[in-house]
Amino acid sequence: MASMMAIGSIDDVADKEVAGESIAYKVWLVETKQLDSARQFPIPNANREVSSLPMLDGEYMHYFEAHDIPTYTSSGEKGDLTISSTNTFTIIMGGVRDQLLNFIEEKAGCKFILIFQECESNNRFILRNPCKPMVLKSYNLKNDKENRSVTFTFENKSIKQYHKYVGDIIVKEAVPHTAGATALNVLPGVNTYRVPDGSSATYAITSVTGLTSTDKGRTITLVGTGSDKPATVADNTSYILEDGATWTAKAGSRISFRVLDSTTLVEIQGSRVQTA
């Protein structure tokens, strides 16, 4: 729990900071059963950032594009012993389509992780985790003279608020890194890479290629798949690692980096998973 010294004083803001309709229309819904429970779910770091989600192989993120601006609300009230809190996220989908009808029938009451984007920015935010997911609490289908739409409401009971999502929107399979290659070749539009064993011995990934100045701020994730000849990433001029600690690409390990410039990747605090 942060002390008041850590929180500090909070000033007022300009009117643009309190203007409504700041959530973009597109929302990614990740059902908890799509997550790999054998891998650690990323823990928010001190900057309230969450790195890439551990999806099962072959599972990808799918989005709903709302017909109107989604709504997030959170409220809490102190009881005799503790605070009762409720978080609610609502999206209105236009039309009455087969996909929406199937979603109602198959997913009512199911558990989700929600990722939504801020309008006119690259900021994405994530709601909850497998321990306290957002539940598809209710739906409201209308097909009358006023409109044809479906309203979905997701809810959970927690005082925890949303965090900034700095991980990848996983819509395709991770690209394999070339076994034994000492340079990570980053491709356009591909942010996740599987790192295999070397052909004959452990090898070090010491540099990065394929980045330009326009990639600044992009997140790159490495997923280890090695066993007896895994790759390593050590602190150097291309890879800036937290506390200078070397990462080893053993199976189940993963690490995320933020692109600083065309030749430098900086480890995102809290993103590292090291199995050995």
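This briefing looks at a cavity, a sheet and one buried residue. The model is predicted, so local features need pLDDT of at least 70 and side-chain atom pairs count only at pLDDT 80 or more, while totals for chains, interfaces and linings use all residues. Residues are numbered from 1 along each chain as its sequence is written, and side-chain values use heavy atoms, leaving out hydrogens and water.

**The sheet**
- Six strands form an open sheet with mixed pairing, in the order 11-13-16-20-21-18.
- Strand 11 (175-176) and strand 18 (239-240) are at the edges with a single partner strand each, so one side of each has no neighbour in the sheet.
- Strands here are DSSP runs (E, at least two residues), numbered from the N terminus, and two strands pair if DSSP finds at least two bridges between them.
- Strand 16 (residues 219-224) and strand 20 (residues 254-261) run antiparallel, joined by five bridges.
- Val-223 stands opposite Arg-254 in strand 20.

**The cavity**
- Arg-254 appears again here, as one of the residues lining the largest cavity, along with others including Phe-41 and Ser-271.
- This cavity has a volume of about 40 Å³.

**Phe-154**
- Phe-154 sits in strand 9 (residues 148-156).
- Its relative accessibility is 0%, so Phe-154 counts as buried (under 20% relative accessible area, with a 1.4 Å probe and protein chains only).
- Beyond its neighbours within four places in sequence, Phe-154 is in contact with residues including Leu-29, Phe-89 and Met-134 (contact means heavy atoms within 4.5 Å).

**Cavity terms**
- A cavity is a set of points, on a 1 Å grid over the protein atoms alone, where a 1.4 Å probe fits but cannot get out; lining residues have an atom within 4 Å of a point.
- Grid points are joined across faces, edges and corners, and the volume is the space filled by probe spheres set on the points.

Key:
On a 1 Å grid over the protein atoms alone, a cavity is a set of points where a 1.4 Å probe fits but cannot get out, and a pocket is an open set with protein on both sides within 12 Å along at least five of seven lines; lining residues have an atom within 4 Å of a point. Helices (H or I, at least four residues) and strands (E, at least two) are DSSP runs, numbered from the N terminus. Buried means under 20% relative accessible area, exposed over 50%, partly exposed in between (1.4 Å probe, protein chains only).
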